[in-house]
Amino acid sequence: MVQRVKELPTGPLPFTAIVGLETARQALLLLAVDPLLTGVAIGAGAGTGKSALVRAFAHMLAGGREFDPTLPCNLVEMPIGVSEDRLLGGIDIEATLALGERVHRSGLLARANGGLLYVDSVNLLDDSTINHILGALDSGVVRVEREGISVVEPARFVLLVTYDPAEGPPRRHLLDRLGLIVAPIGKAPVTTRAEVVRRNLHPPLDYEDDEALVLAGILAARELLPNVTITDDQIRQLSLTALALGIEGHRADMFAVRAARAAAALAGRDEVSNEDLELAVRLVMLPRATRLPEMTPAESQPPPPTPEPAPPPPSQQQEDDEQNNDDDQPPTPPDEELTVEDLILAAMDTEVPPDILETPFTVRRRGRSGSRGTISGQRGRHIRSVPGSPAQGRLDVIATLRAAAPWQRLRASDHPQHQHRRGRIHLRAEDLHIKKYRSKAGTLFCFLVDASGSMALHRMRQAKGAVNALLQQAYVHRDQVALLAFRGERADLLLPPSQSVELAKRALDVLPTGGGTPLAAALLAAYQISEQARARGIFRTTIVLITDGRPNVPLKADPTMDKNRRLEQARQEVQQLAGRLRAAGVGAVVIDTQRSFVSRGEAQQLAAWLGGRYVYLPNGRGDQIANAVIAASEEM
């Protein structure tokens, strides 16, 4: 039977009528119970209903404001092209002209105080806008110091963000401050898609009771939340899970505890159960994972116990006795403590993709560097189009049509039933082309200066001149410079990655010299700095070693070890760390400052281990070293 639809509904779907986003709906309910979870990030493709879900969520909460005035329900939507004065606030021109005095107009951040701030396509926001949002989330206020106005307004809001993973991930600094992250949602099954169409075609009229029931559950959970308890063992379990997944910082641990307590309150329990822990791991920790934990192999697990023979069927008298004594049954035993592996596996058995490493917290770690000043991605200048699926990038319509054009006659003859349709284009999967972009990015030049031996002062003067020369060009190429000096038994970071010439001058005024040559410690510190730079979006790091290449201090030296064994251990550690830097894609330039008549080729061997370039400049000036470093970096 064909059912005709006279007119399409114009109103939005209720919160309980939206299908296909069950995990996102669950995260929003936890946020409504405990707004101290800060916010929810939902990653899903275009047209999946994530914006409709957020608006329906705010509309549902508005119905409970009369019962709980603290319930956040005022929804303020922020467009991605918002200006700074619209975001932070500024002078109200009309009121100022009418009154003859400066009148302040509140921005979106202040208007969202006590309510919900919603940002769609948050991954497309520029860094300055995100920085203002981060400042308001951290401080709870928005400060306006401009145009003769000095205003501090409260801005404590719950942040709701959505994004399309195909357009790139949001900044991890923003996601790190949101308690709940819904991992990118895959394609919906056919039944779900059909149900979405049906509910959008037919106005939902029978969801008022469901909405009222969900809202009543939220209000009851908010009252119960202060009485929900979580044991020390459960907190330790969550912390062990965070370590197993390689999660940095302690925010995830605290958010997971809050999420578990909110889940228990929403279920009407005053104690956190294993089910609540699994939900917390799923929504808080798995999206923040940077590595997969090492699971125990199935072969090492003990075999299941042999099942005992089934007891004989009870007699009629026994059945009657059991039926009469139902009220005297002992309570259900408490949950058994889950191991970290069981907790992670139980949380992964959901909508979370099997590859949990495809998260915004790791995608930058695996970025590969291109030529100096550029990096490939989903933004920037369109440089070319390559065959690929639209799931891998943005579709290039022109290139796709150009690839399909030579085959139209042949494909039309294969489908004679469509020949009467003029203008029909026959496309196949091999015709699809996606766009490749290139945007500007910087390089981190990390100087490792050997501050040991009699040549230490000379090397330091060279490094100081090279650092100043590179910083003069840093703004143009978006480069940053760091400086480490290694001597004695350690490497000291004298200048963190920076573009500031004045900061470099202050850091380079006092340069300690003398002692041994802990080259391994310097390489280890350089590797850690390069990893930190990747987390901040700088994928290309070039280390510049100004040394004679003679390590004599190992990382962990045994006082009883003789000199030859200590030198051999230091050499082996340098070789291993050099291979690690090379495998991580870190470029290297070794500036040999040793005189040729006393050199034994140690610096050349070090450059070979690093897979970098060797430059012999025993008396080189700072600008010569800087030019050599730039030339070598561009070649690499």
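## Exercises on strand burial, helix packing and salt bridges

Strand β13 (residues 443-450) is largely enclosed by the rest of the structure, because 8 of its 8 residues are buried. The exercises below concern a predicted model.

**Exercise 1.** Determine which residues cover each face of β13, and which strands pair with β13.

*Solution.* Begin with the two faces. On one side lie Thr443, Phe445, Phe447 and Val449, and on the other Leu444, Cys446, Leu448 and Asp450; all of these are buried. Next, consider the pairing partners. Strand β16 (residues 540-547) pairs with β13 in the parallel sense over 7 bridges, and Phe447 stands opposite Val544 in β16. Strand β14 (residues 480-487) likewise pairs with β13 in the parallel sense, over 7 bridges; here Phe445 stands opposite Val481.

**Exercise 2.** Classify the packing of helix α1 against helix α11 and describe the residues of the contact.

*Solution.* Helix α1 (residues 22-33) and helix α11 (residues 251-266) have axes 9 Å apart and pack at an angle of about 95 degrees. Angles of 65 to 115 degrees count as roughly perpendicular, and α1 and α11 are therefore placed in that class. From α1, the contact involves Leu29, Leu30 and Val33; from α11, Ala259, Ala262, Ala263, Ala265 and Leu266. These residues divide into 8 nonpolar, no polar and no charged.

**Exercise 3.** Carry out the classification for helices α21 and α22.

*Solution.* The axes of α21 (residues 563-583) and α22 (residues 602-610) are 7 Å apart, at an angle of about 40 degrees. The two helices are therefore oblique to each other. Contact residues of α21 include Arg571, Val574 and Arg582, and those of α22 include Gln605 and Trp609. The composition of this contact is 7 nonpolar, 3 polar and 2 charged.

**Exercise 4.** For the salt bridges Asp127–Arg171, Glu248–Arg172 and Glu531–Arg534, establish the location and burial of each partner.

*Solution.* The side chains of Asp127 and Arg171 meet at 3.6 Å, N to O. Asp127 lies in helix α6 and Arg171 in the loop between β8 and α7, so the pair ties together parts that are 44 residues apart in sequence. Asp127 is partly exposed at 47%, whereas Arg171 is buried at 18% relative accessibility.

Glu248 and Arg172 also form a salt bridge (3.6 Å, N to O). Glu248 is in the loop between α10 and α11 and Arg172 in helix α7, 76 residues apart. Glu248 is partly exposed at 48%; Arg172 is buried at 12%.

In the third pair, the closest N and O atoms of Glu531 and Arg534 are 3.8 Å apart. Both residues lie in helix α20, 3 residues apart, about one turn of the helix. Glu531 is partly exposed at 23%, and Arg534 is buried at 8%.

Key. Residues are numbered from 1 along each chain as its sequence is written. This is a predicted model: local features need pLDDT of at least 70, side-chain atom pairs count only at pLDDT 80 or more; totals for chains, interfaces and linings use all residues. Side-chain values use heavy atoms; hydrogens and water are left out. Axes are lines fitted to C-alpha atoms, for helices over the stretch in contact, and angles run from 0 to 180 degrees between N-to-C directions. Helices (H or I, at least four residues) and strands (E, at least two) are DSSP runs, numbered from the N terminus. Angles under 35 degrees count as roughly parallel, over 145 as roughly antiparallel, 65 to 115 as roughly perpendicular and the rest as oblique. Contact means heavy atoms within 4.5 Å. Ala, Val, Leu, Ile, Met, Phe, Trp, Tyr, Cys and Pro count as nonpolar, Asp, Glu, Lys and Arg as charged, and the others, Gly among them, as polar. Buried means under 20% relative accessible area, exposed over 50%, partly exposed in between (1.4 Å probe, protein chains only). Two strands pair if DSSP finds at least two bridges between them. A salt bridge is a side-chain nitrogen of Lys or Arg within 4 Å of a carboxyl oxygen of Asp or Glu.
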